[in-house]
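Me: I would like to go through the ring contacts of this model and ask how each label was reached. Please set each value against its cut-off.

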Amino acid sequence: MMNFIFILVGCYISTSLSYFFNFKFGNPFKVRDTKINIPLPNETQQKIRDVSGFYGLIGPDVNMFNVTSLFQMFMGDGTIQGLFFDQGNVTYIQHHIQTEKLKYEQRNGRIPKDPFIYALFLVFSKLRLLPNHLGLANTALLHTNNNTYALYERDLPYQLNIDYQTNEIHTIKRNYLPHLHSFSGHTKYRNGMLETIDYDVMRQCVDYYIFSDDLKEEYKKTIKTHYMPVIHDFISNNKTILFTDVPIVMDFTQIIKTSLPVKFDKTKPSYFHVLDKVTGNLITYTYDKGIYMFHHSHTVEDDTNIYLYTCVYDDFSYLSIDIKGSYRCIVLNKISKKVSIIQNEETEQYNLDFPIIYKNKTVLRNLVKLEKGSRINGFVLCDGVHIEKKYFYDDISFCGGDPNIIEIDGNPHICSLAHSIDFKKHYFCFIPLHDEDPIFIELPVKTNVGFHSIFIDNHK
């Protein structure tokens, strides 16, 4: 408490044109965007001549050597590492998303990591007198017909300008949406409409929204949950949405020790909610154990069951990075409303997550443990829950949580940023799903960890 009072007394407070109180915490925080033209050998230029567009990996601007928990990773400022491709010409770009929080720190210095300061910002951000210090825009990129957004599930979307004329990225604005606290990091764009969820921990409910391409609200449905609704991903189909309700509960014993006093209680049951978009009817399925899911792949349905392909964590903690995901099929029985799980002995050997669909098959990244920390050593291609092919490297560590898949001359390639395991070389990679040599483009910059990526095709 004394730290909090001392900082307040020592601060010079004024009100800016943005109506934010300016607490002078220290020297202005400086960040700088990067843009570099990457020269390529003629042979590589010819191989990627068919690639036209922008690849972007969004993630937290953190030093992974200092990270000991998932919570710390999610608290890093949103940064895009990307490449523009144009007929064999490649330009690397790094853009620090100009969130309200980052712009505030560029004037006033870094916001101290003090629980009382955080509480102050939490309260006054609701009144628009201070920026949302959790508004970090670091989770995912969403591209629609007209716009591109940076997303973070505890804030509203930031609109970006991806400029193919100058090969640059600019933050345009934070989109204000009445009545919404946040916009899911896994917002879907389907049939010209945006579908998202906004969860409310205090009311213990989830609000499901449909927006038009210009962010006008078209539909809203509120669903009560059994637990604290910290929901990272959901499945959207033509007629239904599916989201999980897993036992994330308050842990009052940790309130003094940590800024995230919640825990996963695997002794409690898990629930799966399926909402009919047309009728508004909700059906809930029950599994007798606690399981956690970050990312879903897809669903398949017949007259009796819904088959949810997803990455399951039997144990989970936001305060650790030592967690293991297993790619499984969760079966929701429409008659009994009970849940069972199909798993494969081979896939259980790996730490799989961040699924990407390509022609009814799923590509997932694999995480391997090191003496200190872990690294992404490659990917697997799954048909159902069976591994069809593995793409593992002993000397390469990939940066992105999820890859992206693009076609070069009609052939699919995993594309991802990467670096050598000794961090001496950094790359952009095209890993073919078929039998062909990979393409490694060496970069003169350090690549960093990211969450989700996107490829925006710019063929004229």
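Me: Which residues form the aromatic cluster?
Reply: In this predicted model, one aromatic cluster is formed by Phe74, Phe264, Tyr292, Phe294, Tyr313, Phe316, Tyr318 and Phe451.

Me: What makes Tyr227 and Tyr271 an aromatic pair, and why is the pair called tilted?
Reply: The count comes to 32 aromatic pairs. In the pair of Tyr227 and Tyr271 the ring centres are 6.0 Å apart and the planes make an angle of 40°; because centres within 6.5 Å pair, and an angle that is neither under 30 nor over 60 degrees counts as tilted, the label follows. Tyr227 lies in the loop between β14 and β15 and Tyr271 in strand β19, so the pair ties together parts 44 residues apart in sequence, and both residues are buried.

Me: Why is the pair of Tyr292 and Tyr318 called edge-to-face?
Reply: The planes of Tyr292 and Tyr318 are 85° apart, with 6.1 Å from centre to centre, and planes over 60 degrees apart count as edge-to-face, so the term applies. Tyr292 belongs to strand β21, whereas Tyr318 sits in the loop between β22 and β23; both are buried.

Me: How do you know that the side chains of Tyr307 and Asp302 make a polar contact?
Reply: The contact that joins these side chains is 3.1 Å, and the cut-off is within 3.5 Å, so the distance satisfies it. Tyr307, which lies in strand β22, also has a side-chain polar contact of 3.2 Å with Asn305.

Definitions and conventions. Residues are numbered from 1 along each chain as its sequence is written. This is a predicted model: local features need pLDDT of at least 70, side-chain atom pairs count only at pLDDT 80 or more; totals for chains, interfaces and linings use all residues. Side-chain values use heavy atoms; hydrogens and water are left out. Helices (H or I, at least four residues) and strands (E, at least two) are DSSP runs, numbered from the N terminus. A polar contact is a pair of N or O atoms within 3.5 Å; within protein, one must be able to donate a hydrogen and the other to accept it, and residues adjacent in sequence count only if both atoms are side-chain atoms. Buried means under 20% relative accessible area, exposed over 50%, partly exposed in between (1.4 Å probe, protein chains only).
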